[in-house]
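Here is a quick walk through some side-chain contacts and backbone oddities that you may want to look at on screen. Have the viewer open and click along as you read.

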Amino acid sequence: MIDAIASEWLKLYSLRSNLYLLAFSALSVLLCVGVTFMVIRGFDNQTGDERLAFDGLGAGLGTGLPVAFFVMAALGALSITSEHATGLISTSLVAVPRRQLFLFAKIPALAAVTLVAGQALVFGMHAVTQAVLAERAGQVLIDGRTLGASLADQGVMAELLVTGAAMPLAMMGLGLGAVIRSTAGTLVALIVILFVLPVVAQTLPRPLSAQAGSFMLGSLPDQIIAGEGPGILPPLAALALLIAYPVLALTAGAVAIAVRGRGSRPLVVGGLLTTLLAATMTIPSSASASASTLSWKPCGGDLECASVQVPVNWSKPSGRKVSIQIAKLPAMGTHRRIGTVFAIPGGPGGSGIEDLKTKGGSFTDLRQRFDVVSHAPRNTTDLGVIPYDCLATGPWITVPRDRAEYDRLAERNRESAERCRSSDPEYFDNLDSGSVARDIEAIRVALGEQRLSFIATSYGGVVATTYARLFPGSIRAMYIDGSVNHLADQAAHAKERYKSIEGQFTRFSAWCESAPTCALHGRDAGTVWRGLLSRADRSPVPVKGGRAAYSGFDFIVAAAPDLISPGPAPDFPNWQRFARVVDKALTGDASGFSDYVAQATNSLKVPSFAGMNVTHCPDGLGFRSYEEFQRMKALSERISPNFAGNALWHPLACVGWPTPVTNPAGPLPADRLPPFLGAGSWTDHDDTADIVTRVPGSSTVRYNGSGHGLYLSGNKCTISHANRYLTFLRLPPRGTTCEPPAAA
């Protein structure tokens, strides 16, 4: 055997054509250079959001890798077909009569040469790609990958080593050559396998094209290390398939070269090995396997729906049950499934199912690797358990001037709440975020997932932090987007809110000064606004017809949404509306405010919605005493000249609430939680940052613009960082920012 191997090594290095073939393999490196230059030429000519849509080059092997595989396989093919072409096969078989030994003796020399050459090619392709990309390599893309990947990035070194180790696929060429016995025929077969079949796979409809592409040779090394590239195979299955390619070819070659009547032995051995590899490929990975007990049914578009039964009162788990509706946007089957992302809706009272229906496009790239699931939580206002008309209304909140007015406000709030509560007291008393968090845990169990990844939007952040406190071991990743801060004390929370809204008013004033379309253009917007508030506090401004009158506090509450969310630049339609209705109110008519408030609420002034208070109040967002209210009122007047009292509105709605606080804020078990990612706009970031930085190692993304709920609103830059974190658990550096599209 040793002599046969030595003779094959002599044949391999003594043939000049083999050296030429190895030199030709450098074409794979040159191809990577050329393709990367074309990519960056297009990349540099795109806007910020357009760049996010580029396909990542990963470790930089994509274009050159099939060529490198082809050259190595051709080297194996020539080692046998050249002997048939020259007639030396007869001489070789005289020297080594055992034909299968003759064939397999070629493997060690081929493996050694192709392994060394393969590693050199792989690292060469990576190096030139990185050199051409330069600083562009770190650009985060919307699917969570980066445009390039350096050796310092997680998994890149392993991918290069595994890919280089796969170069002994030359054995596949050796096996095919033994079967076909023609150099030209074998090279054609290799071209079909390495170049034609992947192109054919790409022409198939999605997701079949991506699924078929998973079985192509070039995509297997990345799947073996569970890398960032596409592919549905778990690592063990990808490894088994990579081994199966040369095993099948060598089995066929061994049978073909065997003497008549003695070909059954290699056929049996190869068949058994191939069967074993095929069995390995059918074993599901732990990531793709789940023991779901849910019965999913189509419910419109891509959505699938199901339901989970949970206790109305979690302190009485064997008591009355209620059905929680859930919906799923299933993984699209283009990548190996990682698990489930659970989207927690805002509000409180919003429906996550409605979010999936109307904003499902934001999850497109995430669905390459995840099912996206959400629910209509028990506090969704239109479930019908408690009448919607009751939950969608509430009293008008006023700022008490003394304890007597504070007590009268408590009485009004209590009477309004009791009207809703009377329809189903047990259900009404269990709509806090703690109950919602426990429902989500029940959904996780029903999904059969060991852990969930989360996207929590707006007030959904309160549910998320409650879930993190109650079930830290069930969290794989937590992305919090523009959250209400349930963890900060009242004073700290108020300071952040007033700081944010005052900053936004400063931006509005600067825009109004420069924009002729602003109805207050040419005047000092701050002076005009503060003057209106002062006059309205002395004598409320009537709505035309005398149907209501606006105090300064009423103006502040009604104006806040338009101020915080001005609408798309450069027109800022909501800021334009704000300026118009302020200008109208200066004439003694508040109907400009009341008209747009009525369009959204069917009320002339903003009501304190029972459907929000039924969660806010048991979550502990109200004042604990009249004295605390006085302190917060004084704080607002001291630090917020333009929107003093705005942060009082929600807490005042809980004065007199008939049910106790059942979900008070508590510290997060930071040592048992993974790092979080937070994101927020000018008005949201600081509150969100205060939440996530309570967990060591966490990070945030600041969006330098207006808006709320950046992921669901389709902000591509924020989505790209969130997807990278949720998919690969890689956080952006601290201080990361996203710019509005016009400024990118």
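Start with Arg624, which is exposed, with 72% relative accessible area. Keep in mind that this is a predicted model. Arg624 pairs with Glu628 in a salt bridge, and the closest N and O atoms sit 2.8 Å apart. Glu628, on the other hand, is buried, at a relative accessible area of 4%.

Now move to Arg702 and Asp686, whose side chains also meet in a salt bridge. Arg702 belongs to strand 11 (residues 699-703) and Asp686 to helix 30 (residues 685-692), so this contact ties together parts that are 16 residues apart in sequence. Arg702 is partly exposed at 27% relative accessible area, while Asp686 is buried at 18%. Glu228, Arg724 and Arg730 are joined into one network by salt bridges that share partners. The structure holds 25 salt bridges, and here are some of them:

| Salt bridge | Closest N to O distance |
|---|---|
| Arg145 and Asp143 | 3.3 Å |
| Glu628 and Arg624 | 2.8 Å |
| Arg702 and Asp686 | 3.0 Å |

As for Arg145 and Asp143, both of them are buried.

Which acidic residues gather in a patch of negative charge on the surface? They are Asp402, Asp407, Glu411 and Glu415. Glu411 sits in helix 18, which covers residues 403-421. With a relative accessibility of 42%, Glu411 counts as partly exposed.

On to the rings. A pair of aromatic rings is described by how far apart the centres are and by the angle of the planes. There are 26 aromatic pairs in the count. One of them is Phe454 with Tyr467, a tilted pair at 4.9 Å centre to centre and 55° between the planes. This pair links distant parts of the chain, with Phe454 in strand 6 (residues 452-457) and Tyr467 in helix 21 (residues 460-470), 13 residues apart. Phe454 and Tyr467 are both buried.

Trp529 and Phe578 have ring centres 5.2 Å apart and planes at 75°, so they make an edge-to-face pair. Here too, distant parts of the chain are linked: Trp529 lies in helix 23 (residues 525-538) and Phe578 in helix 25 (residues 573-585), 49 residues apart. Both Trp529 and Phe578 are buried. They also belong to a cluster linked by ring pairs, which includes Phe505, Phe508, Trp511, Phe572, Trp575 and Phe643 as well.

Last, the backbone. Most peptide bonds are trans, and most residues other than glycine have a negative phi. Where do you find cis peptide bonds here? Gly347 and Pro348 are joined by one, with omega about 0°, and Pro348 lies in the loop between strand 4 (339-344) and helix 16 (352-359). Ala569 and Pro570 are joined by a cis peptide bond too, again with omega about 0°. Pro570 is in the loop between helix 24 (552-564) and helix 25.

For positive phi, look at Asn602, which is not a glycine yet has a phi of about 60°. Asn602 is in the loop between helix 26 (591-601) and helix 27 (610-616), and it is exposed at 76% relative accessible area. Leu729 also has a positive phi, near 60°. Leu729 sits in the loop between helix 31 (716-728) and strand 12 (736-738), and at 43% relative accessibility it counts as partly exposed.

Terms used:
Residues are numbered from 1 along each chain as its sequence is written. This is a predicted model: local features need pLDDT of at least 70, side-chain atom pairs count only at pLDDT 80 or more; totals for chains, interfaces and linings use all residues. Side-chain values use heavy atoms; hydrogens and water are left out. Patches are made of residues with over 30% relative accessible area and no salt bridge: like charges are joined within 9 Å, nonpolar side chains (Val, Leu, Ile, Met, Phe, Trp, Tyr) within 5 Å. Accessible areas come from the Shrake-Rupley method with a 1.4 Å probe; for residues, only the protein chains shown count as cover. A salt bridge is a side-chain nitrogen of Lys or Arg within 4 Å of a carboxyl oxygen of Asp or Glu. Lys and Arg count as positive and Asp and Glu as negative; His and the chain ends are not counted. The place of a charge is taken as NZ of Lys, CZ of Arg, CG of Asp or CD of Glu. Helices (H or I, at least four residues) and strands (E, at least two) are DSSP runs, numbered from the N terminus. Buried means under 20% relative accessible area, exposed over 50%, partly exposed in between (1.4 Å probe, protein chains only). Rings of Phe, Tyr and Trp (its six-membered ring) pair if their centres lie within 6.5 Å; planes under 30 degrees apart count as stacked, over 60 as edge-to-face and the rest as tilted.
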